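Please open the model in your viewer and keep the selection tool at hand. The tour below moves from the whole chain to single residues, and each stop suggests what to select next.

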Amino acid sequence: MDEEGIIFNAYKSNSILKTDYDQYLIKKYVQEYIKNKKKSNIICNEEIYQYNGVNLIKFRFGIKVENYHQIDEAVNELLKINNYINTNAKKVFTSATMPVPIYYPQIYLNDFTGEIGHDIEFYDENYYIQKVKIDYVNYLKNNNIVDNDIPEKEIEIYYKPNELIVYNDGQRVKYNSSNRDWDVSAIYNIKKKDYCVQLHFVIKYIKSIESYEISRNGQLTSFKYNGKKYILDSDLNMKSEIKGNKVPYEWTISSMIEFFKGSVEFDYKNGKLYLNI
């Protein structure tokens, strides 16, 4: 039992301490929020799992919506709960070794379950609304389900498979690791609203690259293009910016085709992305 009267479970060995204290704390704050705000649409459940013979709980909470158009409001409500949890948890988890709890509130729509995260500083409301809508539209497409509540225009906006296998000039882009060839995939980035790929994996497929350099640990460090040398700089990754002769490791597809004066075609149905650079 802690100072606030929370009883929790724990497993301890010489080197491991595993508890469900954070889960009981999240449960406490969610129940407080429901009571204080007089909310009746928030669903709570907990499940028990075993860790080395000790029963621990996993607490979950979320909101059930009746249709697609209620997603925005549900995300807004869940973020208010997140703010309540995080604000109160910071008063308890005051040490660097005791970070605020990690949890994933859920939105339930028909048979679909979408998740948002506990982080409301880096990921804002707009991000989570997009995430849930993208996940929902992808779910519909993957399962051949039609939801007439969604305008066709929004289906076009939010149909974004998480990853697409990359081709360039008709050739399947691959990289070698552990003596095996692997497909290179472009991953959709919600913040950037674009698919992203590591330049390291596609550099050898770009015909207009005059030369490139790889470090001893196998990392791309620079390349020469149109007679100019460019240096890879990880500080530019977040915004996929190009500053002078410095470029990011991770590129958006739009910045890649603009920089190398190419084109791209998306085949969402078959999970493929065709570059021509």
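Begin with the charged side chains: the protein has 37 positive and 38 negative ones, and the centres of the two sets lie 4 Å apart. Here Lys and Arg count as positive and Asp and Glu as negative, with His and the chain ends not counted, and the place of a charge is NZ of Lys, CZ of Arg, CG of Asp or CD of Glu.

Before going further, note that this is a predicted model, in which local features need pLDDT of at least 70 and side-chain atom pairs count only at pLDDT 80 or more, while totals for chains, interfaces and linings use all residues. Residues are numbered from 1 along each chain as its sequence is written, and side-chain values use heavy atoms, with hydrogens and water left out.

**The whole chain**

Show the protein as a cartoon, and you should find six helices and 19 strands; these are DSSP runs numbered from the N terminus, helices being H or I over at least four residues and strands E over at least two. The C-alpha trace spans about 70 × 55 × 35 Å along its principal axes. If you switch on the surface, its accessible area comes to about 16,200 Å², of which carbon and sulfur atoms hold 45% (Shrake-Rupley method, 1.4 Å probe, with only the protein chains shown counting as cover for residues). Of the 277 residues, 40% count as buried, where buried means under 20% relative accessible area, exposed means over 50%, and partly exposed lies in between (1.4 Å probe, protein chains only). Among contacts (heavy atoms within 4.5 Å) with a separation of 6 or more, 48% are between residues 24 or more positions apart.

**The cavity**

Next, select Ile26, Lys58, Phe59, Arg60, Phe61, Tyr103, Tyr104 and Pro105, which line the largest cavity. The structure holds one cavity of 30 Å³ or more, and about 50 Å³ of space lies in the largest. Which strand gives the largest share of this lining? Strand β4, residues 54-64, does so with four residues. On a 1 Å grid over the protein atoms alone, a cavity is a set of points where a 1.4 Å probe fits but cannot get out, whereas a pocket is an open set with protein on both sides within 12 Å along at least five of seven lines; lining residues have an atom within 4 Å of a point. Grid points are joined across faces, edges and corners, and a volume is the space filled by probe spheres set on the points.

**From His118 to Phe112**

Tyr103, from the cavity lining, is also one of the contacts of His118, so keep it displayed while you select His118. His118 sits in the loop between β6 (112-115) and α3 (125-142), and it is buried, with a relative accessible area of 19%. Beyond its neighbours within four places in sequence, His118 also touches Asn82, Asn86, Pro101, Ile102 and Tyr128.

Now move to Phe112 in strand β6, which is buried at a relative accessible area of 5%. Apart from neighbours within four places in sequence, Phe112 is in contact with Ile107, Val132, Asp135, Tyr136 and Tyr139. Draw a distance from Phe112 to Tyr139: these two are 27 residues apart along the chain, and their C-alpha atoms are separated by 7.4 Å.

**The second largest pocket**

For the next stop, turn to the second largest pocket, which holds about 280 Å³ of space. Of its 17 lining residues, Tyr127, Tyr188, Asn189, Ile190 and Lys191 are the closest to its centre. The elements that give two or more residues to this lining are α3 and β11 (185-189), and α3 supplies the largest share, four residues.

Stay with helix α3 and select Gln130, which is buried at 9% relative accessible area. Leaving aside neighbours within four places in sequence, Gln130 is in contact with Tyr158, Ile190 and Lys193.

**Two backbone details and a last stop**

Lys193 lies in the loop between β11 and β12 (194-198) and has a positive phi of about 55° although it is not a glycine. Asn144 likewise has a positive phi of about 55° without being a glycine; you will find Asn144 in the loop between α3 and α4 (152-158). Is Asn144 buried or exposed? At 72% relative accessibility, Asn144 counts as exposed.

Finish at Asn88 in helix α2, residues 71-92, which is buried with a relative accessible area of 17%. Asn88 and Tyr29 are 59 residues apart in sequence, and their C-alpha atoms are 7.7 Å apart in space.
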